[in-house]
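Got your viewer open? Here is a short walk through the model, one selection at a time.

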Amino acid sequence: MVINLNTKLSDMTLGELLEGIASIFGVSISTAKRIKASGIIDKAISQHGRVIVTDVDKALDLYKRATRCKH
């Protein structure tokens with residue numbers, strides 16, 4: 001899967017979303033599942049029917065803020 005980081009919003013299925021999270025954060029699919037399940041990036045993800053929309057920039061920002069606070 002190729003992700004264009006210049007695209008602000010990406011329409012993805014759940015499988016594509018997890019692949020996208022894995023690619024964006026440079027982690028495995030299982031770690032991507034944990035990131036999504038943690039709720040850290042929930043504000044960057046919305047669902048409309050079967051379409052999941054992710055704001056990549058916001059997801060990265062939310063993750064950076066959450067991990068920065070843990071150190």
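Before we start, one term: helices here are DSSP runs of H or I at least four residues long, numbered from the N terminus. That matters for a pair in helix H3, Arg 65 and Asp 61, which sit four residues apart, about one turn of the helix. We'll come back to them. Keep in mind that you are looking at a predicted model.

**Stop 1: the whole chain**

Show the chain as a cartoon and trace it from the start. You'll meet three helices and three strands, arranged along the sequence as β-α-α-β-β-α. Now colour by accessibility: of the 71 residues, 28% count as buried. If you like contact maps, take the contacts between residues at least 6 apart in sequence; 39% of them join residues at least 24 apart.

**Stop 2: two helices, H1 and H2**

Select residues 14-25 for helix H1 and residues 29-38 for helix H2. How do they pack, and at what angle? The angle is about 100 degrees, and the axes are 8 Å apart. Angles of 65 to 115 degrees count as roughly perpendicular, so that is the word for H1 and H2.

Next, turn on the side chains that make this contact. From H1, pick Leu 14, Leu 17, Leu 18, Glu 19, Ile 21, Ala 22 and Phe 25; from H2, pick Ile 29, Ala 32, Lys 33, Ile 35 and Lys 36. Colour them by type and you get nine nonpolar, three charged and no polar residues.

**Stop 3: the end of H1 at Leu 14**

Stay in helix H1 and centre on Leu 14. Is Leu 14 buried or partly exposed? Its relative accessible area is 46%, so it counts as partly exposed. Leaving aside neighbours within four places in sequence, Leu 14 is in contact with Lys 36 and Ile 52. Try a distance as well: from the C-alpha of Leu 14 to that of Arg 50 is 8.8 Å, although the two are 36 residues apart along the chain.

**Stop 4: over to strand S3**

Follow that contact to Ile 52, which is found in strand S3, residues 51-55. With a relative accessible area of 7%, Ile 52 is buried. Add Leu 17 to the view: 35 residues separate it from Ile 52 along the chain, while their C-alpha atoms are 7.6 Å apart.

Ile 45 is worth a click too. Beyond its neighbours within four places in sequence, Ile 45 is in contact with Leu 17, Lys 36, Ile 52, Val 53 and Thr 54.

**Stop 5: the nonpolar core**

Which residues make up the largest nonpolar core? Select Leu 17, Ile 21, Ala 22, Phe 25, Ala 32, Ile 35, Ile 41, Ala 44, Ile 45, Ile 52, Ala 59 and Leu 62, twelve residues in all, and show them as spheres. H1, H2 and H3 are the elements that give two or more residues to this core. H1 gives the most, with four.

**Stop 6: Ala 59 and Leu 60, side by side in H3**

Now select residues 56-69, helix H3, and find Ala 59 in it. Its relative accessibility is 4%, so Ala 59 counts as buried. Not counting residues up to four places away in sequence, Ala 59 touches Phe 25, Ile 41 and Ala 44. Ala 59 and Phe 25 are 34 residues apart in sequence, and 9.7 Å apart from C-alpha to C-alpha.

Then move to Leu 60, also found in helix H3. At 23% relative accessibility, Leu 60 counts as partly exposed. With residues up to four places away set aside, Leu 60 touches Ile 24 and Phe 25. The C-alpha atoms of Leu 60 and Ile 24 are separated by 8.1 Å, with their positions 36 residues apart along the chain.

**Stop 7: the salt bridge**

Back to the pair from the start. Side chains of opposite charge can pair when their charged atoms come close. How many salt bridges does the structure hold? There is one. Arg 65 forms it with Asp 61, and their closest N and O atoms are 3.0 Å apart. Arg 65 is partly exposed, at a relative accessible area of 48%, and Asp 61 counts as partly exposed as well, at 33%.

Definitions and conventions: Residues numbered from 1 in each chain as written. Predicted model: local features only at pLDDT ≥ 70, side-chain atom pairs only at ≥ 80, totals over all residues. Heavy atoms only, no water. Axes fitted to C-alpha atoms, helices over the stretch in contact; angles between N-to-C directions. Parallel < 35°, antiparallel > 145°, perpendicular 65-115°, else oblique. Contact = heavy atoms within 4.5 Å. Nonpolar A, V, L, I, M, F, W, Y, C, P; charged D, E, K, R; others polar. Buried < 20%, exposed > 50% of the residue type's maximum accessible area, 1.4 Å probe, protein only. Salt bridge = Lys/Arg side-chain N within 4 Å of Asp/Glu carboxyl O. Core = buried A, V, L, I, M, F, W, Y, C linked by side-chain atoms within 4.5 Å.
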